[in-house]
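Thanks for making the time. I would like to take you through one protein chain this morning, and I will keep to the architecture.

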Amino acid sequence: MSFRSFTRRDVLKSGAAASVGLALGRRASAEALGNAPGKTEGPLKQLEYGQVTLLAGPMRQQFDQTHARFMGLDNDMLLKPFRQGVGMAAPGDDMGGWYSNSRFWVTNGGSDGFVPGHSFGQYLSGLSRAFAITGDAATKVKVEQLVTGLQPTLLSKFYDGYHLPGYTFDKICCGLSDAYALGGVKSAGPALNEALAAALPHLPEKALSRPEQRARPHKIDADTWDETYTLPENLFLAYQRTGKPEFRDAAQRFLEDDLLFNPLAEDIDVLPGEHAYSHVNALCSAMQAYLSSGSEKHLRAATNGFRIVQDQSFATGGWGPGETLLRPHTDDLARSIFSEKNSFETPCGAYAHFKITRYLLRVTGDSRYGDSMERVLYNTVLGVKPILEDGSSFYYSDYTTSGRKTYHHDKWPCCSGTLPQLTADYGISSYFQSADGLHVNLFVPSRVTWKQAGTQMTLVQETQYPLRPTTKMTMKIAAEREFSLSLRIPAWAGPGTRVLVNGKAVGGELKPGTFHAVKRGWRDGDVVEMEFDMPLRLETLSMNVSQPSPTEPGTFLTSQTTTQLGALMSGPVVFMATGAWPIEMRSQDLLGAKKVAGGDAYSVATERSPVTFRGFMGIGDELYRTYQPLKAEE
Ligand SMILES: [Zn+2]
């Protein structure tokens with residue numbers, strides 16, 4: 001998948017055709033959509049959490065399971081590192097893992113306790129979002145209790161000797177901001193100010209890259225790992241929600257312009273070697289700078305930065321093997337298949353990926369960001385193992401030639417914080433409102449409600465997509481209303497893809513890689529069906545391999561051979577080899593795969609026995625292989 005890059009020159013050109021040009025021209029319609037004056041919006045508006053209800057299916061199950069896990073955690077246990085950090089009585093058990101308060105972690109060799117309480121804010125955020133979705137009274141009580149419990153610990157003293165103050169404050173800022181805006185907890189507003197005042201004395205004067213942190217005096221290596229360049233996103237959000245200028249000022253102070261956004265805005269790739277998740281997260285800070293202040297430079301930086309990440313992504317949509325961004329258009333990514341089992345930091349990476357694609361979709365209206373989002377959904381996060389009661393968490397997807405799903409060795413890592421946030425974001429990622437109707441981005445069993453010209457509308461979507469290539473949407477409307485229902489036609493959609501209204505195929509060309517608008521007077525009971533043509537295809541990576549010289553040991557021949565690796569795909573889903581597989585496979589055998597009865601798997605003929613291919617969601621504890629080494633054409 002590739003997105004257009006653009007520079008300042010393109011934007012200045014009159015009528016710049018780029019989707020961004022469209023977004024910049026749409027500010028007038030933002031007010032029509034009811035946004036606060038002065039705030040920039042694109043053609044699509046994000047819905048409120050409560051407007052979308054997921055119905056039975058794997059996404060709802062993952063949301064419910066994760067929500068229940070965090071509802072079940074003891075409040076004293078969650079608050080313990082904060083109370084200990086400021087010298088208060090701290091009853092309750094230790095959480096363990098990254099979360100606990102053992103500040104001697106460096107000497108005991110593991111990562112236990114190196115960022116005490118780091119993910120508290122994310123758990124609070126996940127619960128606040130879950131309350132906004134479900135209206136569950138017990139969830140609201142827990143959010144209130146956690147805010148009340150945290151408030152007396154919001155002191156500068158907590159961060160004395162703390163290795164990554166920006167990292168943990170960023171999450172607390174997000175959690176309190178969500179508790180305030182989504183959890184309905186008023187006291188979270190003043191708590192946000194107290195949290196900012198407690199953290200500021202421990203933060204640098206500006207965002208610092210890792211090399212900049214290493215160049216400054218520090219006690220241990222972990223003191224150089226802070227991620228202050230991710231702070232602006234949640235600070236801008238806190239500003240929008242509270243109207244308090246100190247959050248805007250802090251947000252602007254931590255925008256990483258000099259080393260990151262200025263070069264990216266000019267389409268200069270400064271990302272190779274950088275930490276993957278936190279830098280995609282930083283692109284979300286650039287998007288918030290655009291949305292909060294209209295800074296077009298930051299929109300260019302985010303758009304270009306995301307395109308650069310796409311250009312070095314696996315077929316699954318994942319990126320950043322070894323948590324590191326690579327050089328696009330090289331064989332670095334292919335090489336990682338043979339050298340790096342930590343292929344994609346899955347819950348965190350998917351969380352950042354959903355956020356950046358949601359921002360870019362809102363601002364540009366470009367459906368390909370939705371294509372990218374659903375690829376990450378079905379091939380990564382929806383297939384992770386659930387968080388266990390002891391904090392065991394799924395962290396890395398493994399795309400090597402013998403992959404296996406595992407739990408991370410450290411309890412309560414970063415990925416235990418992003419999973420509750422992301423699963424709560426599934427609904428708001430599925431639909432968007434536009435000036436003339438509703439956009440359907442994800443094909444998910446769900447119910448969405450919105451107002452169209454003052455009338456309450458409901459659309460119910462029933463589907464087993466992507467395992468079945470269809471979806472059905474039914475209108476529930478009090479009175480007839482004319483509007484556009486815009487349906488994402490994925491870029492991979494084959495020519496047999498159809499949209500039917502009340503059983504009749506709609507006219508006009510369905511262009512893959514766009515939203516297709518069906519505009520009509522909609523009535524109660526109208527049914528929209530989509531049939532997706534999902535032909536099998538291979539997405540390949542190639543790798544140049546130098547041949548060892550047969551006559552001079554230790555030297556290599558100048559001629560190189562190319563190794564091709566292929567991922568078998570149908571629609572958005574990568575099908576991975578399971579069971580026993582041959583070292584190499586033939587492209588024509590892969591493309592001739594037959595659906596196994598039931599439709600959730602494919603069978604591929606080989607020279608020996610057939611191999612069963614499954615999607616990541618359908619894989620349990622067995623070994624799997626994402627990329628098949630392809631036999632050279634004879
Ligand atoms: Zn993580």
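I will go through the domains, then the helix pairs, then the two sheets.

Before anything else, please keep in mind that this is a predicted model.

Let me begin with the domains. The domain assignment divides the chain into domain 1, made of 1-50 + 233-432, domain 2 at 73-203, domain 3 at 437-531 and domain 4 at 538-629. Where domain 1 meets domain 2, the contact draws on 23 residues of domain 1 and 28 residues of domain 2. Which elements give two or more residues to the domain 1 side? They are α12, residues 231-242, α13, residues 245-253, and α20, residues 415-430. The largest share of that side is from α20, with 7 residues. By type, the side of domain 1 that touches domain 2 has 10 nonpolar, 9 polar and 4 charged residues.

One of those elements, α12, also gives us a helix pair. It packs with α15, residues 276-293, at an angle of about 30°, and the two axes are 7 Å apart. Since the cut-off for roughly parallel is under 35 degrees, α12 is therefore roughly parallel to α15. On the α12 side, the contact is made by Pro-232, Glu-233, Phe-236, Leu-237, Tyr-239 and Gln-240. The α15 side consists of Cys-284, Ser-285, Gln-288, Ala-289 and Ser-292. Sorted by type, the residues of this contact are 6 nonpolar, 4 polar and 1 charged.

While we are at α15, look at the loop between α14, residues 257-265, and α15, where Asp-267 is found. Asp-267 has a phi near 60°, a positive value in a residue other than glycine.

The second helix pair is α18, residues 346-364, with α19, residues 368-379. Their packing angle is about 165°, and their axes are 9 Å apart. The angle is over 145, the cut-off for roughly antiparallel, and α18 and α19 are therefore roughly antiparallel to each other. Their crossing is left-handed. From α18, the contact takes Ala-350, His-353, Phe-354, Thr-357, Leu-360 and Leu-361. From α19, the residues are Tyr-369, Gly-370, Ser-372, Met-373 and Val-376. This contact of α18 with α19 has 7 nonpolar residues, 4 polar and no charged.

Now the sheets. One is an open sheet of 5 strands with mixed pairing, in the order β1-β5-β6-β10-β13. Which strands stand at its edges? They are β1, residues 44-46, and β13, residues 514-522; each has a single partner strand, so one side of each is left without a neighbour in the sheet. From one strand to the next, the twist averages 30°. The partner of β1 is β5, residues 431-434, and the two pair in the antiparallel sense over 3 bridges. Within that pairing, the bridge partner of Leu-44 is Ser-434 in β5. Helix α18 comes back here: α18 packs on this sheet, touching β1 and β5, and the direction of α18 makes about 140° with that of β1.

The other sheet is also open. It has 7 strands in the order β2-β7-β8-β9-β14-β11-β12, and the pairing is antiparallel. At the edges are β2, residues 52-54, and β12, residues 504-505, each with a single partner strand, so one side of each has no neighbour in the sheet. Helix α20, which we met at the domain contact, lies across β2 and β7, running at about 125° to β2.

Let us walk along this sheet. Strands β7 and β8 run antiparallel and are joined by 7 bridges. One of the paired residues is Lys-451, whose bridge partner in β8 is Gln-456. The hairpin of β7 and β8 has 2 residues between the strands, and Ala-453 takes a positive phi near 45° there.

Next, β8 is joined to β9, residues 470-477, by 7 bridges, and these strands run antiparallel. Thr-463 stands opposite Thr-471 in β9. What lies between β8 and β9? They form a hairpin, with 6 residues between them. Pro-466 is in that loop, and the peptide bond from Tyr-465 to Pro-466 is cis, with omega near 5°.

At the β12 end, 2 bridges join β11, residues 498-501, to β12, and the two strands run antiparallel. There, Val-501 has Lys-504 as its bridge partner in β12.

That is where I will stop.

Terms used:
Residues numbered from 1 in each chain as written. Predicted model: local features only at pLDDT ≥ 70, side-chain atom pairs only at ≥ 80, totals over all residues. Domains from an automatic or database assignment. Contact = placed C-beta atoms within 7 Å. Helix = DSSP H or I, 4+ residues; strand = E, 2+ residues; numbered from the N terminus. Nonpolar A, V, L, I, M, F, W, Y, C, P; charged D, E, K, R; others polar. Axes fitted to C-alpha atoms, helices over the stretch in contact; angles between N-to-C directions. Parallel < 35°, antiparallel > 145°, perpendicular 65-115°, else oblique. Left-handed = near helix turned anticlockwise from the far one by under 90°. Pairing = 2+ DSSP bridges.
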